[in-house]
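Work through the following exercises with the model open in a viewer. Each one gives a task and then a stepwise solution.

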Amino acid sequence: MESVIPAVERLKREEGDILLVTHHNPDGDGIGSMLALYRFLKKKGKNVRMAMKDDSPHIYDFLPDIEKIEKLPIQHKFNLAVILDAAGMYRADAPVDAKEYMRIDHHIGGVFESINDYVDPYASSTTVVVGRILREWDESCIDKEIATCLYTGLLTDTGSFKHNNVNEESFEFAKYLVSKGVDPSKIASLVFERNKPAVIHLLHRVLSTLEMDYGGKIASLVVRRDFIESTGAEEEDTEGFVNFARSIDGVEVAFIMIQKPDRETWRVSIRGKGKINVQKIAKRFGGGGHRDAAGCRIKGEEKEVKDRLIQAIKEEMNLQTEEKIKV
Ligand SMILES: [Mn+2]
């Protein structure tokens, strides 16, 4: 029987070599969806490889086949290249040479790579989309290892089932994966409870920079370069720190400014809590993202950059409040 999902038909048909890739600075969803699809395609006898530009964060080192992920760029022309969990091939951040491209994802908008793309912005993770593909194709091939990769993407992209992208399908899918042998408690512990002491020392220093503005509606944190250097942590260890600012009662917008090694560029992550669309704030500085999570890069002195951000957030809050009143 023919599948109703074009991506399934396209992958079934492919007899040549396939490359799976994910975005740079890879996360649990990008890595999990790539590994799950890889293992499944191998079982189907396909000639498949995986690659990405950056190293995987150490918290995902327990995922099966993670050691088989190669580094981009690869000097080879593939028949088909599939990018997972990204708004387009450009997000690989390295050249990928193939006769044909395909995108499997859950981001809003993005690049159309081919008629075989499978993008559902309502899916809470890319692993949900990959799960639909695998179940449609051959459920009997989904083993405990594949289910573990799929669950890890679901768990991390929903912020442990806390974000506003969680829906009925998230729990149905989780239930299905548990029926395939997934151990939710073990995975949560492997992903979230293996911090190095240096990360907690870094967090301690970052939390001491907490500032509240605009009557407690804006909370900010700063990661200065010397915090990272003196604690022996890595820049990627700051992932999620912004959520401490966001968690404060009354905060509507939280942001964290991370100083890059050149000391004049700041990578900014902005988080909302449903009230304010933070994507619009990031866009003012040439960045982008989602409604509740966005980012951008700004150059300048710490104080000057922070003031510009707070000014932009205040303006955007007033604008968006006015819009709501008009409606
Ligand atoms: Mn994702």
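**Exercise 1.** In this predicted model, decide whether Phe 40 is buried or exposed.

Solution. The relative accessible area of Phe 40 is 0%. Buried means under 20%, so Phe 40 is buried.

**Exercise 2.** Find how many aromatic pairs the whole structure holds, and classify the pair of Phe 40 and Trp 137.

Solution.
- Step 1. Searching the whole structure gives three aromatic pairs.
- Step 2. For Phe 40 and Trp 137, the distance is 5.2 Å centre to centre, with 65° between the planes.
- Step 3. Planes over 60 degrees apart count as edge-to-face, and the pair of Phe 40 and Trp 137 is edge-to-face.
- Step 4. Phe 40 belongs to helix H2 (residues 28-43) and Trp 137 to helix H3 (residues 126-138); at 97 residues apart, they link distant parts of the chain.
- Step 5. Trp 137 has a relative accessible area of 13%, so Trp 137 is buried.

**Exercise 3.** Classify the pair formed by the rings of Phe 161 and Phe 171, and say which aromatic cluster holds them.

Solution.
- Step 1. The ring centres of Phe 161 and Phe 171 are 5.3 Å apart and the planes are at 25°, so this pair is stacked.
- Step 2. Phe 161 sits in the loop between helix H4 (144-157) and helix H5 (168-179), while Phe 171 is in helix H5, 10 residues apart.
- Step 3. With a relative accessible area of 48%, Phe 171 is partly exposed.
- Step 4. Tyr 151, Phe 161 and Phe 171 make up one aromatic cluster.

**Exercise 4.** Which residue lies over the face of Tyr 176, and which over the face of Tyr 214?

Solution.
- Step 1. Over the face of Tyr 176 lies Arg 135, 3.6 Å from the ring centre.
- Step 2. Over the face of Tyr 214 lies Lys 217, 5.7 Å from the ring centre.

**Exercise 5.** Give the strand order of the open sheet, name its edge strands, and place helix H7 relative to strands S8 and S9.

Solution.
- Step 1. The open sheet has six strands in the order S7-S8-S9-S10-S12-S11, with mixed pairing.
- Step 2. Strand S7 (211-213) and strand S11 (288-289) are the edge strands, each pairing on one side only.
- Step 3. S11 pairs with strand S12 (residues 293-299) in the antiparallel sense, over two bridges. Gly 288 has Gly 295 in S12 as its bridge partner.
- Step 4. Helix H7 (residues 197-207) lies across strand S8 (218-223) and strand S9 (253-259), and runs at about 130° to S8.

Key:
Residues are numbered from 1 along each chain as its sequence is written. This is a predicted model: local features need pLDDT of at least 70, side-chain atom pairs count only at pLDDT 80 or more; totals for chains, interfaces and linings use all residues. Side-chain values use heavy atoms; hydrogens and water are left out. Rings of Phe, Tyr and Trp (its six-membered ring) pair if their centres lie within 6.5 Å; planes under 30 degrees apart count as stacked, over 60 as edge-to-face and the rest as tilted. Helices (H or I, at least four residues) and strands (E, at least two) are DSSP runs, numbered from the N terminus. Buried means under 20% relative accessible area, exposed over 50%, partly exposed in between (1.4 Å probe, protein chains only). A charge sits over a ring if NZ of Lys or CZ of Arg is within 6 Å of the ring centre and within 35 degrees of the ring normal. Two strands pair if DSSP finds at least two bridges between them. Contact means heavy atoms within 4.5 Å. Axes are lines fitted to C-alpha atoms, for helices over the stretch in contact, and angles run from 0 to 180 degrees between N-to-C directions.
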